[in-house]
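Subject: Structure handover

Hello,

I am passing on the structure we talked about. Please look it over, then read the notes below.

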Amino acid sequence: MNHLAIIGGTGLSQLSDLKIIKSEQIATPYGAPSADFNIGELNGKQVIFLARHGNPHAIAPHKINYCANIWGLKQLGVENIIAVAAVGGITPEMVPAHITIPDQIIDYSYGRKHTFFEDEGEPVTHIDFSYPYSQTLRSKLIHAAKQAGIPISPIGTYGCTQGPRLETAAEIKRMEQDGCDLVGMTGMPEAVLARELGINYVAVAVIANWAAGKAEGEITMAEIEQNLHKGMANAAELLKIFVAMISES
Ligand code: HPA
């Protein structure tokens, strides 16, 4: 499989097993990407790594230049993106530190630049987004998780909120009624921009906490960090197995 990129989110600003060979700074028509693109080797395969929130972690979800990030990856010839993201768990299966490979999205974010197809002279383009994630990449990740013995949920609906604040309990109740299993702040417009540029895109959602109102008490950063520490270690292991597997296919 050619040109694989990993976008790391909260709790995964660096991929410790990635042997970095070079870092590329890319200028785009949309401005600067979140960070330099680290080009290296993971388990013997070429992988490009980008820290979504910058390195160090400093760019809030609504301030991320999603267009520049996806455009930059396209410039580097990326054909497949694995997007790792921290989320809150809404439905009972989505327990903290668990991993889900979501299959659907509901977008509640607003005010973010969410399309490449709006420049002067561009024809109006309505891309298909019925199934927002690459089914091929989803199947491969699910298979890799089985091989690695890492428990995952193979489906789930990801609701993307604006942040940076967490949601109210009522908002989460409404999202659950809408059909959301997970809540995060960065899944959109990242997924749709990848689709617009013809890049296969899949998400590895790592559950950091029970979403608002789903557990007693406040959601604390300490709780989030503790769960992410465990969940991201599993996600990093899953990525290693995935990369080894695809190099055989
Ligand atoms: N809500 C939104 N985004 C998140 C959460 C949450 O509870 N946890 C981690 N990212």
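F116 is buried, with a relative accessible area of 3%; bear in mind that this is a predicted model. Its partner W71 is partly exposed, at a relative accessible area of 24%, which places W71 above the 20% limit for buried residues.

W71 and F116 form a tilted aromatic pair, with 5.8 Å from centre to centre and 50° between the planes. W71 belongs to helix α1 (residues 66-75), while F116 sits in the loop between β7 (104-107) and α2 (135-148), so the pair ties together parts that are 45 residues apart in sequence. The structure holds 4 aromatic pairs. Y30 joins W71 and F116 in one aromatic cluster.

The other part to look at is α2. Its 14 residues should span 20 Å at 1.5 Å a residue, and the end C-alpha atoms are 20 Å apart, which agrees.

Which residues of α2 are buried? They are L137, R138, L141, I142, A144 and A145. Seen down the axis of α2, the buried residues fall within an arc of 160°, so they line one face of the helix. The general background is that an α-helix has 3.6 residues a turn, so residues three or four places apart point the same way. T136, K146 and Q147 are exposed on the other side of α2.

After α2 comes G149, which has a positive phi, near 70°.

Regards

How values were computed. Residues are numbered from 1 along each chain as its sequence is written. This is a predicted model: local features need pLDDT of at least 70, side-chain atom pairs count only at pLDDT 80 or more; totals for chains, interfaces and linings use all residues. Side-chain values use heavy atoms; hydrogens and water are left out. Rings of Phe, Tyr and Trp (its six-membered ring) pair if their centres lie within 6.5 Å; planes under 30 degrees apart count as stacked, over 60 as edge-to-face and the rest as tilted. Helices (H or I, at least four residues) and strands (E, at least two) are DSSP runs, numbered from the N terminus. Buried means under 20% relative accessible area, exposed over 50%, partly exposed in between (1.4 Å probe, protein chains only). The expected span of a helix is 1.5 Å times one less than its number of residues. The arc is that of the directions from the helix axis to the C-beta atoms.
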